[in-house]
Amino acid sequence: MRTFNTNTQPNHDHYLALILEGNRADASIHIKDLAAEGVSILTIYEHIIKTALYRVGELWENNQITVAEEHIATSVTESIMNELFYGIVSRQRQSRKVVLGCVETEFHQVGVKMVADIFEMKGWDTYFPGSNVPANEMFRYVEKQRPDMVALSVSIYSHIPLLEKMLRLIHHTFDLPVIIGGQAFRHGGGQDVAGRYPRTRYIADLKELETFIDQYQPYG
Ligand code: B12
């Protein structure tokens, strides 16, 4: 059995090669083997899957892979995340709900699905109506679900004003905590946006999210 200490993160290269080949079966086996060896879901998500997809983005940007290869790498990843769900969901439920969304016109959904899975691990009920949902429809969904929290994701820099539109809509009507995140803030700006709205917090990654959920107090 391979063991991983906290200073040595498992390497994402093998997973990257498999998803670029579109080798869904071996990629799935590889991830399940890591989980069976005791590598946490958080580590698999942050240090294997996210790192591999960021690398896919660089290869794509530099024309070293085709758009089809990028698409297949993402769809293989999403199918593996769906397979992992059974082992992720906690049987100890918290009677707490979170509605998650991407801002309108945003198609990147892998990150927010990871966020949903961490909430499920912590026993929260999660509702993710998919990417690219118009702001008014998200608003109506929040109104219907009456969640304990809303989580919004934004990947494209130019979509940050759409995030702010959603934050204004939510805070105009509801007194709800909102968390925001996504790679539109990879080089900063998340805290500034969050600071402009009440009960709103920027969270950069899954480790920070896990701590936030563990310590969560509605008005803390
Ligand atoms: C896959 C992909 C796509 C797929 C998405 C499919 C899908 N099902 O999601 C498709 C093909 C649709 C796509 C389209 C485009 N894409 Co694209 N895409 C990517 C790619 C390769 C991977 C994205 C991903 O899943 N990353 C892995 C996840 C896990 O990382 P993450 O989103 O950052 O999430 C983490 C944190 O940010 C955080 N987080 C995320 N959301 C939230 C929310 C909350 C509440 C919290 C707490 C935390 C949190 O948690 C996660 C774990 O740490 C990236 C490369 C990259 N660097 O990521 C480019 C990338 C994001 N795309 C990019 C671009 C430019 C585009 C297009 C404009 C390309 C085009 N010309 O058409 C379009 C835009 C489409 C649209 N309107 O949204 C750029 C964005 C640059 C920018 N920031 O503005 C990137 C960075 C590529 C690049 N290097 O240029 N893309």
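# Two domains and a ligand shell

The protein is divided into domain 1 (13-88) and domain 2 (97-214); these bounds come from an automatic or database domain assignment. This is a predicted model: local features need pLDDT of at least 70, side-chain atom pairs count only at pLDDT 80 or more, and totals for chains, interfaces and linings use all residues. Residues are numbered from 1 along each chain as its sequence is written.

**Overall fold**

- The protein has nine helices and five strands. They are DSSP runs numbered from the N terminus: helices are H or I with at least four residues, strands are E with at least two.
- Along the sequence the pattern reads α-α-α-α-β-α-β-α-β-α-β-α-β-α.
- The radius of gyration is 18 Å, which agrees with the value near 17 Å for a compact globule of 220 residues. This radius is taken over C-alpha atoms, and the globule rule is 2.2 Å times the number of residues to the power 0.38.
- Along the principal axes, the C-alpha atoms fill a box of roughly 50 × 40 × 30 Å.
- Of the 220 residues, 32% are buried. Buried means that 20 or more other C-beta atoms, placed from the backbone, lie within 10 Å of the residue's own.
- Among contacts with a separation of 6 or more, 71% join residues 24 or more positions apart. A contact needs C-beta atoms, placed from the backbone, within 7 Å.

**Domain interface**

- The centres of domain 1 and domain 2, taken over C-alpha atoms, are 23 Å apart.
- Eleven residues of domain 1 are in contact with ten residues of domain 2.
- On the domain 1 side, α3 and α4 each supply at least two residues. The largest share, six residues, comes from α4.
- That side of domain 1 has seven nonpolar, two polar and two charged residues. Ala, Val, Leu, Ile, Met, Phe, Trp, Tyr, Cys and Pro count as nonpolar; Asp, Glu, Lys and Arg count as charged; the others, Gly among them, are polar.

**Ligand shell**

- The ligand is surrounded by 37 residues, each with its backbone-placed C-beta atom within 6 Å of the ligand.
- The closest are Gly-57, Val-110, Gly-111, Ser-153 and Gly-181.
- Both domain 1 and domain 2 contribute, with at least three residues from each.
- At least two shell residues come from each of α3 (41-61), α4 (67-88), α5 (110-121), β3 (149-153), β4 (178-181) and α9 (206-214).
- The largest share of the shell is eight residues, from α3.
- By class, the shell holds 19 nonpolar, twelve polar and six charged residues.

Definitions and conventions:
Contact = placed C-beta atoms within 7 Å. Buried ≥ 20, exposed ≤ 12 C-beta atoms within 10 Å, placed from the backbone.
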